[in-house]
Structures are given as structure tokens and as C-alpha cells.
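Thank you all for making time this morning. I would like to walk you through one model, starting from the inside and working outwards, and I will try to keep to what the coordinates can support.

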Amino acid sequence: MKARWLLTWGLAAAMTLGGWVAFESYWRSAGYAPTVMDSFDLWSQHRARAVKAAPPLRFALLGASRIQYGISPPVFRDEAHKLGLNVDPIMLAVNGHYPLAALRDLSEDDKFVGVALVGIDSRGMDRKVWEMQAKHIQNYHHEWSPSREVHRRLLTRLQEHVIAARPDFAAVTLVKRYLDNSGPPYKEYVTFERDRAGGTDYRKSDIAAIRGARVADLKKYYPLYTPPAPEGWLNEMREVVRWVERINARGGKVVFYREPVSGEHIDLDEANFPREKYWDKLAAIMPATMIDFRDYPELNIETPDTSHIDIKDIDRHTRALVRLFREKKIF
């Protein structure tokens, strides 16, 4: 009887393993690959690192997709090391979410004494979008716990190696897509690492369609969006000045970085938020380093969709930033 049970369990394990191997092989042959899936808990895991004691110097990377898909933390760390610096870059940018709520949160946390790089443009400083990352902050302060950290670390390890760990490849999701005639899961051209950094590989996409859609969206958006008057906008930013002053008073620093964009995107941005009326006015009162990519040839990097650099240029962009930060004594 015991031998029969062992045989049954052995057959069940072999069938399960065989099914998993077949599943992985099928989807990989179709061009899919494992990737870490971003989440509130993954953000919280890295937010906790930002307030650890130095050394190394904690360097919080705040922003939206242009930071998350444009800076490589390992390359950042490596380039800083070559310059004799001990730096821990921490990816806290969130795709599609402007970052001022995260900057405010760091300013209110007395344990943060590092550097905050804030990837943002003048539109992202409008008070109407300040709270875009509020849910991430709430999760960190009220939901994050040691048990959730253990779960997230294990899940990250699994997602790095297994397609089946992706939510879009769950059995229920695949069956529903089949019944709805929705076809296979969307084949992302964006991938993520355990450090939350991503990359857009435009070789895997229809770049003409992506570029056209992005420009069309902007052309629809701006006529429906009324930019704040420059005077009112600048007055609202005085509150952000106070956040920066709190970080400065603890020995930290803040850098505001207007990341590379191009083509119709920069034209539309400038038509609605002229640099001389917004960004430059803020630079005159902000006790932080203000960097606009247009002022530095090494930061004028191609953006295939007008808004994001390609994965092949991430390392070059990262190294250029680190060298510029060294020149400006940010470290």
C-alpha cells in the first residue's frame, strides 16, 4: 500500500513538473519572458531602504516612467564607484505618476538624510497632480510589514525565472481571455528588474504606432487642460521649497531633473509651460539643483516615442547623470 501511494505521488509530481515545463516552453517560444511585476509592496520594500543609515549614501530616484525606464541603479552604483563614491541608488519612480507626494514624504521622514533626485517637468509640479503617488506612500506607512516583505522577496525571485508567476498568465486569466476571444496576453516591450527599474525595448514594438498614439494623446490632453497661471503656479511651489529646506537642514540634498523628451512632445510642453515663465522662475527661488536636459549635450538623448529613451541608451544616460552630479557636487 505504501509503495502504491509513493507511486501515485511520484506520478502526480511528474505530471505537474511536465505540465509546468510544457507551459513555460510554449510561451517562451511565442516570444514571452519572465519579468518582475511592479507593485505597492515592491515600492515599499525599496522605500524602506531610503531611510537606512549611511554609508552608503542613499540616493532616492523619484519620478515617473522617464526615471523608472531611464536610469539603471546597478550602472549608477558602478559609475559612482569608479569616481570613488559609495552610493546606493533606490528606484522609487512610478510609471504614470508624478512624484511630488513622494518628495513630501521623504521631507517629513527625519531618517532620510540622502539625496532625492526628482524627475519632473513643470506640468508635474501643478498642485492638481501632487497626490499621484499617495497610495504608494499609504501602503508603506500603513500596510507594509515584515511578513509582506518576506512574501514580496519570494515572489520577486519567482517572477524573475517563471512566466507562470506573472498575473497575466494565471490559469483563470488565460481561460477568461480564451472564452472572450481576447487572444494571448499583451506582449510587453517593457521589462522590470527586482530593483524596480525598467526598460523600453522599441525593437519589440511598433514604434511608429506608439509614437503616433502618444502625440495624439498629448494633442487631445492639452486643449482640455488649462495650465495654471505662472504666478499662481510659482506661489504653490513655495510649499515644495519648504519640503526641500527640511531635507537640506538634515544634511540631505534635492535635485530636480527635467528628463529628455523630443519632437512634438517638447513643442507641446513648451507651448503650455514655457520654460522662462515656469521652470526658470522656480530655479530662482528653489534651494535645490535644477537640471534641464536641454542645457547639457550629453543628456540630449534620442526618445523614439518622443517621451522615453530606448533600453539601449539607459546605461549611457545613467553614466552621464552620475558624472554631471559629481561635477555639481551633488554627492
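Let me begin with Leu103, which, if we leave aside residues up to four places away in sequence, touches Leu62, Ala116, Val118, Val240, Trp243, Ile247, Val254 and Phe256. Please keep in mind throughout that this is a predicted model. Leu103 belongs to the largest nonpolar core, a set of 45 residues, and together with Leu100, Phe256 and Met286 it touches the most other members of that core.

Which elements give two or more residues to this core? On the strand side they are strand 1, strand 3 (115-119) and strand 6 (253-258), and on the helix side they are helix 5 (100-107), helix 6 (134-142), helix 9 (207-224), helix 10 (230-249) and helix 12 (279-283). Among these contributors, helix 10 gives the most, with eight residues. There is also a second core, separate from this one, which has 27 residues and includes Phe76, Met91, Val255 and Ala320.

Turning now to the sheet, we have five strands in the order 2-1-3-6-7, paired in parallel and forming an open sheet. Strand 2 (87-91) and strand 7 (289-292) each have a single partner strand, so at these two edges one side of the strand is left without a neighbour in the sheet. From one strand to the next, the twist averages 20°. If we look more closely at one end of that order, strand 1 (residues 57-62) and strand 2 run parallel and are joined by five bridges, and within this pairing Arg58 stands opposite Asp88 of strand 2. Helix 2 (residues 40-49) packs on the sheet here, touching both strand 1 and strand 2, and its direction makes about 155° with that of strand 2.

The backbone has some details that I would ask you to look at with me. As a reminder, most peptide bonds are trans, and most residues other than glycine have a negative phi. In the loop between helix 2 and strand 1, where we find Pro55 and also Pro56, there are two departures to show you. A cis peptide bond joins Ala54 and Pro55, with omega about 0°, and a cis bond also joins Pro55 and Pro56, again with omega about 0°.

As for phi, Arg196 is not a glycine and yet has a positive value of about 75°; this residue sits in the loop between strand 4 (190-192) and strand 5 (198-200). Lys329, likewise not a glycine, has a positive phi of about 60°, and its place is in the segment after helix 13 (314-327). Is each of these residues buried or exposed? Arg196 is buried, with a relative accessible area of 0%, whereas Lys329 is exposed, at 65%.

Finally, a word on empty space. The structure holds two cavities of 30 Å³ or more, and the largest has a volume of about 80 Å³. What lines this largest cavity? Its lining includes the acidic residues Asp121, Asp269, Glu270 and Asp292, the arginines Arg123, Arg258, Arg275 and Arg294, the aromatic residues Tyr222, Phe273 and Trp279, and also Ser122.

I will stop there, and I would be glad to go back to any of these regions on the screen.

Methods: Residues are numbered from 1 along each chain as its sequence is written. This is a predicted model: local features need pLDDT of at least 70, side-chain atom pairs count only at pLDDT 80 or more; totals for chains, interfaces and linings use all residues. Side-chain values use heavy atoms; hydrogens and water are left out. Two strands pair if DSSP finds at least two bridges between them. Helices (H or I, at least four residues) and strands (E, at least two) are DSSP runs, numbered from the N terminus. Axes are lines fitted to C-alpha atoms, for helices over the stretch in contact, and angles run from 0 to 180 degrees between N-to-C directions. Contact means heavy atoms within 4.5 Å. A nonpolar core is a set of buried Ala, Val, Leu, Ile, Met, Phe, Trp, Tyr and Cys residues joined through side-chain atoms within 4.5 Å. Buried means under 20% relative accessible area, exposed over 50%, partly exposed in between (1.4 Å probe, protein chains only). On a 1 Å grid over the protein atoms alone, a cavity is a set of points where a 1.4 Å probe fits but cannot get out, and a pocket is an open set with protein on both sides within 12 Å along at least five of seven lines; lining residues have an atom within 4 Å of a point. Grid points are joined across faces, edges and corners, and a volume is the space filled by probe spheres set on the points.
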